[in-house]
Amino acid sequence: MKKNDCIAACLACVITCESCIIDCIKVGNQHCIPLCRDCADICALCARDSQFANELCALCVKACKACAEECSKHASHHESCKACEEACKKCAEACA
């Protein structure tokens with residue numbers, strides 16, 4: 001794991017998850033919102049320089065994979081879910 005790649009991917013994932021949350025609220029898609037919220041929060045923590053970085057990155061990978069899996073169910077009819085799925089996959093890969 002390259003620290004800067006992980007941080008960049010986490011920050012991109014936070015932004016994409018937040019956008020997905022907003023769009024899911026607008027269309028009433030309640031399934032993604034809790035996972036996107038958790039993913040955004042955990043990614044934000046992972047992007048910090050912390051003594052808990054390894055543990056946070058492991059949790060970030062887990063959260064990103066779960067969020068990507070849920071968003072993939074809606075990606076064909078919600079562009080924000082498709083973008084979120086892609087960002088989460090990239091983040092999980094960068095932080096693994």
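**Exercise 1.** Which side chain meets K3 in a salt bridge? Work on the predicted model, and say which parts of the chain the pair ties together.

*Solution.* Begin with the general idea: side chains of opposite charge can pair when their charged atoms come close.
- Step 1: The partner is D49, with 3.2 Å from N to O. A salt bridge needs that separation to be within 4 Å, and the pair K3 and D49 meets in one.
- Step 2: Now place both residues. K3 belongs to helix α1 (residues 3–27), while D49 sits in the loop between α2 (33–46) and α3, so the salt bridge ties together parts that are 46 residues apart in sequence.
- Step 3: Check the surroundings of the acid. D49 has 65% relative accessibility and counts as exposed, because exposed means over 50%.

**Exercise 2.** Find the salt-bridge partner of E70, and decide whether E70 is buried or exposed.

*Solution.* Take the location, then the pairing, then the neighbours.
- Step 1: E70 is part of helix α3, which covers residues 53–72.
- Step 2: The partner is K73, and the closest N and O atoms of the two are 3.3 Å apart.
- Step 3: E70 has a relative accessible area of 13% and is therefore buried, since the cut-off for buried is under 20%. K73, at 52% relative accessibility, counts as exposed.
- Step 4: Leaving aside residues up to four places away in sequence, E70 touches H31, C32 and L35.

**Exercise 3.** Describe the salt bridge between K89 and E85, then look at what else joins up by salt bridges.

*Solution.* Here is a pair within one helix.
- Step 1: The N to O distance between the side chains of K89 and E85 is 3.0 Å.
- Step 2: Both residues lie in helix α4 (residues 79–95), and they are four residues apart, about one turn of the helix.
- Step 3: K89 is partly exposed at 48% relative accessibility, whereas E85 is buried at 14%.
- Step 4: Elsewhere, E18, R37 and D41 are joined into one network by salt bridges that share partners. The count of salt bridges comes to five.

**Exercise 4.** Which side chain makes a polar contact with that of S80, and which residues does S80 touch?

*Solution.* Stay in helix α4, where S80 is found.
- Step 1: S80 is buried, its relative accessible area being 12%.
- Step 2: Its side chain is joined to that of D23 by a polar contact of 3.4 Å.
- Step 3: Not counting residues up to four places away in sequence, S80 touches S19, C20 and D23.

Note on methods
Residues are numbered from 1 along each chain as its sequence is written. This is a predicted model: local features need pLDDT of at least 70, side-chain atom pairs count only at pLDDT 80 or more; totals for chains, interfaces and linings use all residues. Side-chain values use heavy atoms; hydrogens and water are left out. Helices (H or I, at least four residues) and strands (E, at least two) are DSSP runs, numbered from the N terminus. Buried means under 20% relative accessible area, exposed over 50%, partly exposed in between (1.4 Å probe, protein chains only). Contact means heavy atoms within 4.5 Å. A polar contact is a pair of N or O atoms within 3.5 Å; within protein, one must be able to donate a hydrogen and the other to accept it, and residues adjacent in sequence count only if both atoms are side-chain atoms.
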